Amino acid sequence: QREVDWSTNNPTTPDSSYLIRPYAFDTTLGPGTDTLQWLSFQYDAQKRLTTMFSRFKTVGSPEDTTIFTFSYQGNDTLPYKYVYEEKYHFGPVRNHRQTTVFNLYLNGFISQDSSIFIDMISGINSGAEVNKFQVSGGTVNRYESNYDFIGGNYVLNSRDTGVYTVTQTLGNITSQTLVSGNGAYESAQVTYDNKFNPLGKIIKLRYPVFESTYFEVWSTQLSNAQQVQFKEPFNPIYQDTYTYQYRADGYPVSHTYSTNAGTASYNKAKYFYTTL
């Protein structure tokens with residue numbers, strides 16, 4: 001799929017605000033090869049996200065796919081469980097893994113998630129991981145426990161902790177610093193626009209820090225991340241930059257992306273919406 005002129009070919013309607021199919025592109029590639037990833041979303045009668053399907057194009061390998069399936073209890077709007085299924089390749093080697101994640105919440109944020117990992121090809125249970133988050137003002141403590149599956153039981157293998165200082169502005173996490181222990185990021189700072197984030201509207205997995213099981217947390221905040229500066233252990237400070245184009249009601253129709261953290265996985269994304 002080639003570039004689309006959104007000034008004349010925007011398939012949205014003014015009242016549509018639920019993502020149905022975003023695309024990621026490398027606009028330097030030729031026709032038929034420039035679409036690198038597409039996602040599709042499905043919702044239930046209560047406008048809750050039930051399925052998120054993603055397909056990736058990997059150079060030199062077959063396509064990789066992931067499926068998230070979200071489950072709710074009663075009329076709750078926060079998913080108590082989701083199943084993450086990934087089919088991916090390392091060259092010709094095919095892999096198929098399923099992860100089931102259970103969530104507990106406090107004040108709308110995840111206070112604990114528990115993950116079980118299954119290799120779908122061998123049938124082997126690869127163990128489990130539990131993350132607990134304790135919030136006190138601007139300080140967040142993360143407690144991680146890892147388990148092996150031995151003889152039909154989960155046996156504790158290791159524990160890990162991380163203590164963070166976190167700031168929020170208008171409901172968005174804007175900065176995080178690792179004070180002690182281990183974490184995915186030693187530090188992170190994010191600036192946002194003042195528009196609606198369509199991913200934040202439908203993905204209700206809100207964490208109190210930039211540390212989550214499968215979701216890049218700054219991508220699911222209430223607003224759209226414009227600039228992200230982050231430092232991973234043993235790496236320099238990296239910066240991601242997003243520039244958005246919006247429709248009249250404030251929802252983005254596309255964005256460009258660049259990074260200094262190696263080669264960018266794409267350089268432009270476009271959003272398709274639907275009305276529920």
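Two residues are in contact when they have heavy atoms within 4.5 Å. Keep that in mind as you work through these exercises on a predicted model.

**Exercise 1.** Find out which residues Trp-218 touches, leaving out residues up to four places away in sequence.

*Solution.*
Step 1: Apply the contact cut-off, heavy atoms within 4.5 Å.
Step 2: Read off the partners. Trp-218 touches Tyr-185, Ala-188, Val-190, Tyr-192, Phe-210, Ala-225, Val-228, Phe-230 and Tyr-242.
Step 3: Place Trp-218 in its setting. The largest nonpolar core has 47 residues, and Phe-70, Phe-210 and Trp-218 touch the most other members. Strand β3 (residues 35–43) gives the most to this core, with four residues.
Step 4: Link this to a broader pattern. In soluble globular proteins, nonpolar side chains tend to be buried together.

**Exercise 2.** Decide whether Thr-177 is buried, partly exposed or exposed, and describe its surroundings.

*Solution.*
Step 1: Locate the residue. Thr-177 sits in strand β12 (residues 172–181).
Step 2: Compare with the cut-offs. Buried means under 20% relative accessible area and exposed means over 50%. Thr-177 has 39% relative accessibility, so it counts as partly exposed.
Step 3: List its contacts. Beyond its neighbours within four places in sequence, Thr-177 is in contact with Val-163, Tyr-164, Thr-165, Glu-186 and Ser-187.
Step 4: Check a distance. Thr-177 and Phe-210 are 33 residues apart in sequence, and their C-alpha atoms are 9.9 Å apart in space.

**Exercise 3.** Do the same for Gly-262: is this residue buried or exposed?

*Solution.*
Step 1: Locate the residue. Gly-262 belongs to the loop between β16 (252–259) and β17 (268–270).
Step 2: Use the cut-off again. The relative accessible area of Gly-262 is 52%, so this residue is exposed, since exposed means over 50%.
Step 3: Check a distance. Tyr-238 is 24 residues from Gly-262 along the chain, and 9.2 Å separates their C-alpha atoms.

**Exercise 4.** Work out how the compactness of the chain relates to that of a globular protein of its length.

*Solution.*
Step 1: Take stock of the elements. The chain has one helix and 18 strands.
Step 2: Compare the radii. The radius of gyration is 19 Å, close to the 19 Å that the globule rule gives for 276 residues, so the chain is as compact as a globular protein of that length.
Step 3: Add the dimensions. The C-alpha trace spans about 60 × 45 × 45 Å along its principal axes.
Step 4: Look at burial and contacts. Of the 276 residues, 44% count as buried. Among contacts between residues at least 6 apart in sequence, 40% join residues at least 24 apart.

Definitions and conventions. Residues numbered from 1 in each chain as written. Predicted model: local features only at pLDDT ≥ 70, side-chain atom pairs only at ≥ 80, totals over all residues. Heavy atoms only, no water. Helix = DSSP H or I, 4+ residues; strand = E, 2+ residues; numbered from the N terminus. Buried < 20%, exposed > 50% of the residue type's maximum accessible area, 1.4 Å probe, protein only. Rg over C-alpha atoms; globule rule 2.2 N^0.38 Å. Core = buried A, V, L, I, M, F, W, Y, C linked by side-chain atoms within 4.5 Å.
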